[in-house]
Amino acid sequence: QPQFVESGPGLAKPSQTLSLTCTVSGGSITTHYYYWRWLPQPPGKGLECMGAIAYSGSTYYSTSLKSRTSISRGASKNQFTLQLSSVTPEDTAVYYCARRDVLGLSSWGQGTQVTVSS
């Protein structure tokens with residue numbers, strides 16, 4: 001089973017770009033046939049899916065966040081990243097990275113708290 005570690009700044013100011021990295025232990029983001037996802041959980045709310053990058057490098061984004069979201073492969077084959085531009089306090093959440101297989105089964109990280117505040 002893979003392990004996930006989300007990393008990045010815990011605080012961002014409005015209008016900045018948030019950059020997070022997910023590091024996967026014991027796996028590669030190019031391994032067939034996995035999808036690698038970013039999911040935020042705002043305070044008091046459930047998980048939301050921002051988007052994913054597939055093993056092939058193809059990306060998929062939530063319609064509501066597509067214009068502000070970029071998911072990419074990281075510098076290492078065991079990393080992938082999230083960039084969310086023009087952040088607002090509504091983007092405050094615990095951000096999780098996860099892997100989904102072709103059967104819909106998921107593995108999750110512990111999440112990292114991101115607070116957007118001036």
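**An all-strand chain and its backbone oddities**

At 41% relative accessibility, S86 counts as partly exposed, a class that sits between buried (under 20% relative accessible area) and exposed (over 50%), with a 1.4 Å probe and protein chains only. The same residue, S86, has a phi near 50°, which is positive even though the residue is not glycine. As for its place in the chain, S86 is found in the loop between β8 (79-84) and β9 (93-100). Strands here are DSSP runs of E with at least two residues, helices are runs of H or I with at least four, and both are numbered from the N terminus.

A word on the ground rules: this is a predicted model, in which local features need pLDDT of at least 70, side-chain atom pairs count only at pLDDT 80 or more, and totals for chains, interfaces and linings use all residues. Residues are numbered from 1 along each chain as its sequence is written, and side-chain values use heavy atoms, with hydrogens and water left out.

Back to the backbone. Most residues other than glycine have a negative phi, and most peptide bonds are trans. S15 goes against the phi habit, with a positive value near 85°. The loop that holds S15 runs between β2 (11-12) and β3, and at 60% relative accessibility S15 counts as exposed. The peptide bond joining H32 and Y33 is cis, with omega at about 0°. Y33 itself belongs to the loop between β3 (18-25) and β4 (35-41).

Zooming out, the chain has zero helices and eleven strands. The radius of gyration of the chain, taken over C-alpha atoms, is 13 Å, close to the 13 Å that the globule rule (2.2 Å times the number of residues to the power 0.38) gives for 118 residues, so the chain is as compact as a globular protein of that length. Along the principal axes, the C-alpha atoms fill a box of roughly 40 × 25 × 25 Å. Of the 118 residues in the chain, 37% are buried.

Counting contacts (heavy atoms within 4.5 Å) between residues at least 6 apart in sequence, 52% join residues at least 24 apart. On the outside, the chain exposes about 6400 Å², of which carbon and sulfur atoms supply 48%; the areas come from the Shrake-Rupley method with a 1.4 Å probe. Finally, the mean positions of the 9 positive and 5 negative charges lie 8 Å apart. Lys and Arg count as positive and Asp and Glu as negative, without His or the chain ends, and each charge is placed at NZ of Lys, CZ of Arg, CG of Asp or CD of Glu.
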